[in-house]
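Please open the model in your viewer and keep the sequence panel beside it, since this tour moves from one selection to the next.

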Amino acid sequence: MNRLLHVYIRPFLGRMSVGLAVKFVGTIMDLFLPWILAYMIDTVIPHKDVKQLVFWGLGMLFCSVLALVASVAANRMASKVASEITEWLRRDLFHKVMYLPSAQVDRWTKPTLISRLTTDTYNVHNMISRMQRMGVRSPILLLGGIAMTLSLDWVMASILLATMPLLGVIIWQLTKRSLPLYTKTQEAVDGFVRLVREDIAGIRVIKALSKADYERKRFDYWNRLVVERERKAGILTATLNPSMNLILNLGLILVVVVGAVRVQNGTGDVGKILAFLTYFTIILNAMLSISKMFVIFSKGTASADRIAQILETEDEQQMDQNFQAHGKSEEREAPDGNTKEQEDPAKPEPTVDWSRKDDAFVAFQDVTFSYYPGKPVLKHISFSLKKGESLGIIGETGAGKTAVAALLLGLYQPDSGRILVGGKDAKNQTFGELRRQIGIVFQNDTLFEDTIYENVRLGRNLTEEQVNRAIRASQAEDFVLEKSGQSREMLNIRGANLSGGQKQRILIARALAGEPDVLILDDSSSALDYGTDLRLRQAIRKEYGQVTGIYIAQRISSISHCDHVLVLEDGDMLGYGTHESLLENCGPYRDLYQMQTGNL
């Protein structure tokens with residue numbers, strides 16, 4: 001909340017002050033109307049002075065028009081300021097999310113980040129807008145109404161003032177209790193959004209496995225949880241208005257009774273009684289507005305705190321800046337804020353020959369990595385590639401194959417060990433330097449709702465020839481370039497109007513278009529037939545011969561051509577060498593080969 005005030009609201013304080021001043025003028029005009037009416041009834045009318053009556057009547061008209069104009073102008077200014085602040089906040093939040101370390105994204109979860117970008121920013125917008133509109137008007141009406149009643153009749157005003165402390169205690173207690181309730185409600189909404197997002201994305205799987213009833217039960221659980229928490233927060237805040245109405249109406253009854261007695265005794269005036277009733281209505285509405293404002297403030301504050309948690313997290317750009325400022329010889333901090341472990345000389349030596357390490361272009365040296373402490377997914381992994389060489393990685397699901405790609409990209413930092421990319425230690429490169437050298441197709445990659453051409457180019461400064469060359473090499477030419485205008489065809493979300501093989505070829509073209517030094521294909525040819533897969537490998541070798549390739553696959557036929565093959569099982573290296581040497585020396589690899597080829 002403090003960041004929101006200092007960073008985002010402070011630049012708009014000048015414009016907000018002007019709007020508040022205009023709002024102040026309009027509110028004061030509203031307060032004068034009952035006072036003028038009382039003066040006319042008690043003073044002007046008894047003297048039957050027509051000129052004075054017309055004069056004060058025009059005064060009431062002037063105050064009414066000025067109040068209207070000022071209120072409209074101030075509300076428009078408040079809405080514009082709130083929109084601009086929210087636009088700025090949402091832009092920075094989106095930028096932060098784009099550069100959040102993968103470890104932080106895993107911790108926050110994607111649905112939570114989506115919720116903070118949408119629901120929470122809306123709550124902040126609503127808070128800023130309503131606080132400008134009601135935050136000035138309601139207190140002025142409240143305090144001004146009390147001041148006016150004191151000027152009219154201090155005896156009746158004291159009755160009204162006696163209710164204020166009790167109302168203040170009620171508002172304070174309800175606000176203090178509602179803030180954590182709204183925070184818990186938003187957390188439940190996050191879980192609800194996560195479930196809906198997963199179910200909509202996997203609706204085909206749910207239908208295919210006849211799991212609709214199971215998913216409906218999960219949906220009902222989260223739906224009930226959201227409703228229950230909203231109900232608790234709603235019940236608590238719903239008691240505010242009736243409680244205030246009861247107290248103020250009791251005060252109003254006492255005011256009417258006391259006023260009637262004073263008029264009968266000749267110590268009060270009818271006009272003052274009418275004005276008092278009007279001011280009492282104004283004060284009542286002001287108190288109700290203030291109570292609503294506290295509810296909006298509670299929601300907005302809870303949302304602002306959730307947004308601040310993201311904005312205050314160090315992102316990859318800040319890590320790069322700190323890294324460069326302190327010199328590249330220092331150890332880079334991992335995205336979760338923990339520094340990487342220093343290499344332990346007591347650990348076993350790498351299992352590969354590191355006599356070639358001086359000319360290694362891509363290498364892992366005794367790398368251990370875990371997503372969660374104490375649960376390593378890679379254990380003492382070592383391999384070395386010269387520029388232009390290729391590595392095939394194979395293993396069962398969960399063996400740690402994708403973790404190798406994530407570490408090369410710097411999405412995560414290893415617990416221990418050394419990684420080389422581009423012939424340089426990865427820890428001595430910024431994230432930008434590291435990733436500009438790499439083209440990658442993830443196992444579950446994304447196509448965007450745009451043209452095929454833009455999905456390949458992806459906003460990079462690439463020529464049309466580079467894009468078309470990548471499309472040809474990826475074997476997508478037959479359905480993209482040979483059909484006139486096909487590269488400009490719009491894709492549906494996630495490329496729903498393409499087959500699985502077509503999606504993979506477009507994604508491979510995207511990775512190749514930037515002419516990377518290192519190409520990583522993570523099980524990205526699984527939907528291709530053997531002939532297309534073979535032609536793809538041949539085209540990459542011909543068109544991008546100097547690229548250092550890392551191919552992660554389930555099929556041995558997809559990696560048998562590689563210069564080196566790494567066999568993983570539960571994060572351990574079962575074998576490392578050429579396809580032929582592994583057939584001779586690595587039993588699990590040989591068994592897998594025989595099973596896949598039928599050569600038992």
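The stops below go from annotated spans to a single residue and then to a pair of helices. This is a predicted model, in which local features need pLDDT of at least 70 and side-chain atom pairs count only at pLDDT 80 or more, while totals for chains, interfaces and linings use all residues. Residues are numbered from 1 along each chain as its sequence is written, and side-chain values use heavy atoms, with hydrogens and water left out.

Begin with residues 53-74, one of the spans that an unreviewed UniProt entry annotates as "transmembrane region"; such annotations may be inferred rather than shown by experiment. This span is 100% helix and 0% strand, and its end C-alpha atoms are 31 Å apart. Helices here are DSSP runs of H or I with at least four residues, and strands are runs of E with at least two. Next select residues 273-297, also among the annotated spans, where the chain is again 100% helix and 0% strand and the end C-alpha atoms lie 35 Å apart.

Now select Glu433, which lies in helix α13 (residues 431-436). Is Glu433 buried or exposed? Its relative accessible area is 23%, so Glu433 is partly exposed (buried means under 20%, exposed over 50%, and partly exposed in between, with a 1.4 Å probe and protein chains only). Show Asp320 as well: the two residues are 113 apart in sequence, yet their C-alpha atoms are 9.7 Å apart in space.

Finally, select helix α15 (residues 464-473) together with helix α17 (residues 500-513), which pack at an angle of about 135 degrees with their axes 8 Å apart.

Conventions: Axes fitted to C-alpha atoms, helices over the stretch in contact; angles between N-to-C directions.
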